Amino acid sequence: MSIRSFQLGSVLVLVALMGRGGALSPALQAQTPMLRANGARMEERILRLAEFGRDPRGGVSRLAFSEADLQGRAYIIALMRQAGLTVRVDPGGNIIGRREGREPHLPPIVFGSHIDSVPNGGRYDGVVGVIGAIEVIEVLSAHGVRTRHPLEVVVFAAEEGGLFGSRAMIGALTPEALQIVSQSGKTVREGLRAIGGDPDRLAEAARRPGEIKAFLELHVEQGGTLEAEGVPIGVVEGIVGINRWDVIIEGFANHAGTTPMNQRRDALVAAAELILAVNRVVMSVPGRQVGTVGRITAEPGAPNVIPGRVQMSLELRDLSAEKIAQLFERIRDEARAIEQRRGVTITFTPIAATAVPIPTDARVRELIAEVARELGLRFLVLPSGAGHDAQNMARIAPTGMIFIPSVGGISHSPREYTRPEDLANGATVLLHTILKIDRGALP
Ligand SMILES: [Zn+2]
């Protein structure tokens, strides 16, 4: 380094030190304590939000488009304004709070999650990503850090049951989807109107590829891997693909008293074998794939009749569509063998609730990992077994997801809980990932 450039570097550090609006240079950052999120403040706000839609059975029932959802949204909008954000609701019902950057023509860095819940759900699912995003803004402001890029905090509308708000944001909310009746009893069309959206102007909610610099979502893991491993941060590899089938097993219903055991074509016994086979096949190869039979009915369903027909579900999830296909092939082979042994026929019909695997952006993943290392936080790279708004945003912007531990791996339950120190770690990782992207780590 020449003397001239050294001096120039010093001047820049000085400018950064003096300028209230200046971003921290890497050199300065090394001399100042790392910016950190406040876990106690985050927890307090999460509990305050949980008052809206508080369920007498515990937890919250803040269904999208309900009165409680409206109240919760009003609380969040107030927090956003208090944090200095300029707030609007887009036609897709998404709340967007914007903080201008030093270079307003640059595309915004967008981060957030959702605040609607399932019936009798938990206080942390989605909420952590929204409260964490507002926390990032407050910490930046408290330290006088003004980013180059504009920052946008987003609260996606109606995540549970259809990711409707993020679908609108990527231009994929169809007229058919607007007719779906949500759990609040309102159609999506009516619901969007109720929360300040405009279903007739959805095109204006759509962002095009390149319009968003990056999208980041902080979320509770909703599973038990991080806690079991004692690791505070999860770097999400991607959102798994989901394949589902209706499985019909045809046997022969006959008298349970007079039909000898060796003459039966018992559909339920065949189903029992098939369920065990699913479990065995899915566990027989390394990886994090999961397979579930979650619903089963036997007909005619009487204690004194051999079950002649069984209808059941089969669901496989993995980050690789190819692996899902391979596992399904092996399950079908097992089914063929069961047909032979039990004198039944087994048919698999794929059903529509299928989602393709969506990987997160490899560069964003690496940035999150780098931040965790710099903060001295251990991390694991893991898939998300649940769907998230991030899977939609990944279609139009480089996208990353940060997981923090769910105590006991419990979610969609009043017992959902995440410790304040983990809340702080997650929001701190989010903050520094945003700063790295802002400084040009994602060319
Ligand atoms: Zn969620």
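The following dialogue introduces a predicted model of one chain.

Trainee: What average pLDDT does the chain have?
Mentor: This is a predicted model in which local features need pLDDT of at least 70, side-chain atom pairs count only at pLDDT 80 or more, and totals for chains, interfaces and linings use all residues. Residues are numbered from 1 along each chain as its sequence is written. The pLDDT is the predictor's confidence in each residue, from 0 to 100. With 92% of the residues scoring at least 70, the chain averages a pLDDT of 92.

Trainee: Over which residues is the pLDDT below 50?
Mentor: Where pLDDT is low, the predicted coordinates should not be read in detail. The stretch in question has 24 contacts in the model beyond near neighbours in sequence, a contact being two residues whose C-beta atoms, placed from the backbone, lie within 7 Å. The pLDDT is below 50 over residues 1-25.

Trainee: How many helices and strands does the secondary structure come to?
Mentor: Helices (H or I, at least four residues) and strands (E, at least two) are DSSP runs, numbered from the N terminus. On this basis, the chain has 14 helices and 14 strands.

Trainee: What percentage of the 443 residues count as buried?
Mentor: A residue is buried if 20 or more other C-beta atoms lie within 10 Å of its own, exposed if 12 or fewer, and partly exposed in between, with C-beta atoms placed from the backbone. By this rule, the buried share of the chain is 46%.

Trainee: Are helix 3 and helix 14 roughly parallel or roughly perpendicular to each other?
Mentor: Helix 3 (residues 39-49) and helix 14 (residues 420-441) pack with their axes 8 Å apart, at an angle of about 105°. Axes are lines fitted to C-alpha atoms, for helices over the stretch in contact, and angles run from 0 to 180 degrees between N-to-C directions. Angles under 35 degrees count as roughly parallel, over 145 as roughly antiparallel, 65 to 115 as roughly perpendicular and the rest as oblique. The two helices are therefore roughly perpendicular.

Trainee: Which residues of helix 14 make the contact with helix 3?
Mentor: Helix 3 contributes Gly-39, Ala-40, Met-42 and Glu-43. From helix 14 come Pro-420, Glu-421, Leu-423, Ala-424 and Ala-427.

Trainee: How many residues of strand 2 are buried?
Mentor: Two strands pair if DSSP finds at least two bridges between them. Strand 2 (residues 95-99) runs antiparallel to strand 1 (residues 86-89), joined by 4 bridges, and also antiparallel to strand 4 (residues 151-156), joined by 5 bridges. Strand 2 is largely enclosed by the rest of the structure, because its buried residues number 4 of the 5.

Trainee: Which residue is the bridge partner of Arg-98 in strand 4?
Mentor: On the strand 1 side, Arg-88 stands opposite Ile-96 in strand 2. In strand 4, the partner of Arg-98 is Glu-152.

Trainee: Is Val-145 buried or partly exposed?
Mentor: Val-145 lies in the loop between helix 5 (127-142) and strand 4. Because 18 other C-beta atoms lie within 10 Å, Val-145 is partly exposed.

Trainee: How many bridges pair strand 7 with strand 10?
Mentor: Strand 10 (residues 309-318) pairs in the antiparallel sense with strand 8 (residues 290-292) over 3 bridges and with strand 9 (residues 296-299) over 4 bridges. Within the pairing of strand 7 (residues 241-250), Ile-242 has Arg-317 as its partner in strand 10. Strand 7 and strand 10 are antiparallel, and the number of their bridges is 10.
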